[in-house]
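Student: I'd like to learn how to read a structure like this one. Can we go through it together, feature by feature?

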Amino acid sequence: MIHDAYREWSSVRLASTWQRKLSANRSFSITPYFRINQMEFRQHYLPSEAIEENSHYSVGMLNNFNWQVEDNLILVMGIDFE
């Protein structure tokens, strides 16, 4: 008897941004984050109909520096960590 394929998935993402104005035309921001992804699914393409479970946990930080060089030109530089 062949059972239907299914996929159960959940995800949580948390982030917060802090920004500091360094001068009239320069600012810096930091965005730390945390995320969790979990999934369970039936491998319906295999004769055994195996069930696979996987998950991913990560933390990271997005950092950027904004510099408004002119009225119509903004330079954005950053470093991301995970």
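Student: Let's begin with contacts. Among contacts in the chain between residues at least 6 apart in sequence, what percentage join residues at least 24 apart?

Tutor: Keep in mind that this is a predicted model. The figure tells you how far along the sequence the contacts reach, and here 43% of the contacts between residues at least 6 apart join residues at least 24 apart.

Student: Okay, next the secondary structure. How many helices and strands are there in the chain?

Tutor: Read from one end to the other and note each element as you go. You'll find 0 helices and 5 strands, which gives the pattern β-β-β-β-β along the sequence.

Student: And how spread out is the chain, going by its radius of gyration?

Tutor: The trick is to set the radius against what a globule rule gives for that chain length. Here the radius of gyration is 22 Å, well over the 12 Å that the rule gives for 82 residues, so the chain is more spread out than a compact globule. The spans along the principal axes are there to look at too: the C-alpha trace covers about 70 × 25 × 15 Å.

Student: What share of the residues counts as buried?

Tutor: For this one, the cut-off is under 20% relative accessible area. By that measure, 16% of the 82 residues are buried. As for the surface, the accessible area of the chain comes to about 6,800 Å², and 56% of that belongs to carbon and sulfur atoms.

Student: Now charges. Which residues form a salt bridge, and how close are their N and O atoms?

Tutor: You look for a side-chain nitrogen of Lys or Arg within 4 Å of a carboxyl oxygen of Asp or Glu. The count comes to 1 salt bridge. Arg35 pairs with Glu82, with the closest N and O atoms 2.4 Å apart. This pair links distant parts of the chain: Arg35 sits in strand E3 (residues 26-42), while Glu82 lies in the segment after strand E5 (73-81), 47 residues apart.

Student: Are those two partners buried or exposed?

Tutor: Check each partner on its own. Arg35 is partly exposed, at a relative accessible area of 26%, whereas Glu82 is exposed, at 61%.

Student: One last residue: which residues is His56 in contact with, leaving aside neighbours within four places in sequence?

Tutor: Skipping the close neighbours shows you what the fold brings together. His56, in strand E4 (residues 51-70), is in contact with Arg35, Ile36 and Asn37. The C-alpha atoms of His56 and Ile36 are 5.8 Å apart, though the two residues are 20 apart along the chain. His56 itself is partly exposed, with a relative accessible area of 38%.

How values were computed. Residues are numbered from 1 along each chain as its sequence is written. This is a predicted model: local features need pLDDT of at least 70, side-chain atom pairs count only at pLDDT 80 or more; totals for chains, interfaces and linings use all residues. Side-chain values use heavy atoms; hydrogens and water are left out. Helices (H or I, at least four residues) and strands (E, at least two) are DSSP runs, numbered from the N terminus. Buried means under 20% relative accessible area, exposed over 50%, partly exposed in between (1.4 Å probe, protein chains only). The radius of gyration is taken over C-alpha atoms; the globule rule is 2.2 Å times the number of residues to the power 0.38. Contact means heavy atoms within 4.5 Å. Accessible areas come from the Shrake-Rupley method with a 1.4 Å probe; for residues, only the protein chains shown count as cover.
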